[in-house]
Amino acid sequence: MPDQRLKLAVQSKGRLSEGGMELLSKAGVRFAYGRDQLHRRAENLPLDLLLVRDDDIPSFVAGGACDYGIVGENVLYEMQARSPRYADLEVALPLGFSRCNLKLASPRDGTINSVEDLAGKSIATSYPGLTRRYLEARGIDAEIVEMRGSVEVAPRMRIADAICDLVSSGATLEANGLAAFQTVLESEAVMVRRKSARQPVVETVADKLIERMEGVIASAQTKYILLNAPRDRLNEIKALIPGSDAPTVAQIADRADVVAVHAVCRERVFWETLERLRAAGARAILVLPIEKMMA
Ligand code: PRT
Ligand code: ZN
């Protein structure tokens, strides 16, 4: 009989592990205390974590050692660009953290400022699959120099003319005298799984986990807003509340001229919005976080 617990691969240590563990915790998954460096067993769901290097996650899932994995799209699509072995993998849910971009960059004061300028040049990257595919699709013939790390030093060391690397704040490019001129891929962490050969019992657990994760992600962007509004400016105030279609309007005891408005805002609520609401006559404005959501 096959193992009926959901096996989820997550990065053991690095930029994806914190976000992944936080998401699991907010989705209500609790792990038993253990010294095991490779496995963590959930106490309250039939779920086991496998803690591995992020680069190995696509192959664990493709090969069936794990059912799902949390990995950056950059790693997933790079593996797919390199080998047909990963063609069966699909994104089950985008997770909204570890956002970064794979970008082409070159020395700030150099002669390479566009994709066309790369013809006949060399590009250092840890993403040879995606870089090659991007250039080929645009008919650019360039040499790819594969590097495992410290790609940003390649132009200075005269290893390559340009680079293709992950960028988040841009500080690394800046510190190395480089400027990005093209985005090759926008990436975030995703839940990945096989399209085929999934086990029905495990899928029931996965569906539940994914539904909870969706709730966590949605609630992170959603706020509950409470305010008092002059009755004669209600429509104006309702229109100012971001991403909310049907606010609740309630009577306030002993006040005929003022109503209470409660709304779920499916967008970020900025200070500017509160200032506009107040200018329209709203008072006692409260913005509250929403902890959990289920439709
Ligand atoms: O040991 P293991 O192989 O598991 O870890 P790793 O060293 O390969 O990965 P890690 O933890 O560094 O990154 C894991 C994932 O985080 C990546 O695959 C991306 O999906 C995502 N991510 C998000 C990033 C960045 N942002 C990022 N900025 N991964 C790497 N960087 C690096 C980038 O390579 C460059 O060196 O940070 C530098 C640029 O950052 P800025 O802020 O200076 O632009
Ligand atoms: Zn890695």
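User: Axes are lines fitted to C-alpha atoms, for helices over the stretch in contact (heavy atoms within 4.5 Å), and angles run from 0 to 180 degrees between N-to-C directions. At what angle does helix H3 run to E10?

Analyst: This is a predicted model: local features need pLDDT of at least 70 and side-chain atom pairs pLDDT 80 or more, while totals for chains, interfaces and linings use all residues. Residues are numbered from 1 along each chain as written, chains are lettered from A and ligands numbered from 1 in written order, and side-chain values use heavy atoms, without hydrogens and water. Helices (H or I, at least four residues) and strands (E, at least two) are DSSP runs numbered from the N terminus. H3 (residues 73-82) lies across E8, E9 and E10, and its angle to E10 is about 80°.

User: Which strands are at the edges of the open sheet of 5 strands?

Analyst: Strands pair if DSSP finds at least two bridges between them. The order is E8-E7-E9-E6-E10, with mixed pairing. Pairing on one side only marks E8 (143-146) and E10 (178-187).

User: Which residue of E9 is the bridge partner of Ala-124?

Analyst: E7 (122-125) and E9 (162-167) run parallel, joined by 3 bridges. Within E9, the partner of Ala-124 is Ile-163.

User: Which element supplies the largest share of the largest nonpolar core?

Analyst: Such a core joins buried (under 20% relative accessible area, 1.4 Å probe, protein chains only) Ala, Val, Leu, Ile, Met, Phe, Trp, Tyr and Cys residues through side-chain atoms within 4.5 Å. Among its 29 residues, Leu-209 and Met-213 are two of those touching the most other members. The largest share, 8 residues, comes from H6.

Conventions
Buried means under 20% relative accessible area, exposed over 50%, partly exposed in between (1.4 Å probe, protein chains only).
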